[in-house]
Amino acid sequence: MSGLTLLYRGQLASCNFDCVYCPFAKQRDSIAVQRADRRSVERFVSWCASAAYAPLSVFFTPWGEAMVRGWYRDAVVGLSHLAHVRRVAVQTNLSVAATWLDHAVPDRVGVWATWHPAQMPMERFVRRARRVHASGAHLSVGIVGLPEHASAAARLRDALEGVYVWVNAVKRDPQAMAHDWGSVDSLYGWNTQAWPSLGRACRTGEEVVAVDGAGDVRRCHFVPEVIANLYDGSLGRALVARACPNATCGCHIGYVHLKELGLDSVFGEGILERIPARHGSPNRTPTIPGPPPGG
Ligand code: SF4
Ligand code: SF4
């Protein structure tokens, strides 16, 4: 069977951090929710282990922070050991030291790490990021593009040679958008747009799908229609080419799959963890395609 990418987002909606720009700051999940989330993650991993799709790629895109929960660390480690898994990637704030990587197959692991300067000293974040990078796992790091993060972003860029540093555009904030982030993230322009997507071809729903804790499958995180369930055998016939039903797509984890943007060739195998294909190894100046005109 052909390859498939699964974007997993379960019941977890809590975070140990307190970012002023985030609705999940300092939220707690009840014990019942935590147990349900754990059961869901374990069921999902079991499904992946026996799935006939190859290569299989998995991206944990939680609300909140997942890696403070042992069952997510176990899931990433376990999936990395499966021969048919090409990549298992996770979004994290790096609040948990990556000692769990010692048990993983690092070359199959992708880490999308966001630094929140008000929540973690730069030295700690950089130390943890360097450890992830040195392990052989695929790492990108980034920051929310607020004006008050400008000097922190530049220092992060300087501190992590060989690691791609992205900046998330804060589209609602004209002051943030007026800042020149291009010296930190040469691909920043892609993230500044709400890309027109209505009726346009998008790989989600065919090669990439989003899965929730109940196993319900949607084409992506931004289109609510359920097209199948992972556990009732309905997935295979649901995977067909589909045009996007939304007017625009402005989130990296969505628009990278919009075919006409060609971002699959920009990011290549690092498309999930947000690492451009031509981003070099340490000590090599990266040659990265520029943003689109007007980007
Ligand atoms: S670390 Fe992420 S999920 Fe947690 S509060 Fe900050 S932005 Fe929200
Ligand atoms: S373009 Fe974005 S919103 Fe539309 S289907 Fe693709 S990922 Fe979903």
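Me: Which residues form one aromatic cluster with Tyr8?
Reply: This is a predicted model, where local features need pLDDT of at least 70, side-chain atom pairs count only at pLDDT 80 or more, and totals for chains, interfaces and linings use all residues. Residues are numbered from 1 along each chain as its sequence is written, chains are lettered from A and ligands numbered from 1 in the order in which they are written, and side-chain values use heavy atoms, without hydrogens and water. Rings of Phe, Tyr and Trp (its six-membered ring) pair if their centres lie within 6.5 Å; planes under 30 degrees apart count as stacked, over 60 as edge-to-face and the rest as tilted. One cluster joins Tyr8 with Phe44, Phe60 and Tyr72.

Me: How many aromatic pairs does the structure hold, and what kind is Tyr8 with Phe60?
Reply: The count is ten aromatic pairs. The Tyr8 and Phe60 centres lie 5.7 Å apart with planes at 70°, so this pair is edge-to-face.

Me: Is Tyr8 buried or exposed?
Reply: Buried means under 20% relative accessible area, exposed over 50%, partly exposed in between (1.4 Å probe, protein chains only). Phe60 has 1% relative accessibility and is therefore buried. Tyr8 is at 1% relative accessibility, so Tyr8 counts as buried.

Me: What is the angle between the planes of Trp190 and Trp195?
Reply: Trp190 and Trp195 are both buried. Their aromatic pair is tilted, at 5.5 Å centre to centre and with a plane angle of 40°.

Me: Which ring does the charged end of Arg9 sit over?
Reply: A charge sits over a ring if NZ of Lys or CZ of Arg is within 6 Å of the ring centre and within 35 degrees of the ring normal. The charged end of Arg9 is 3.8 Å from the centre of its ring, that of Trp63.
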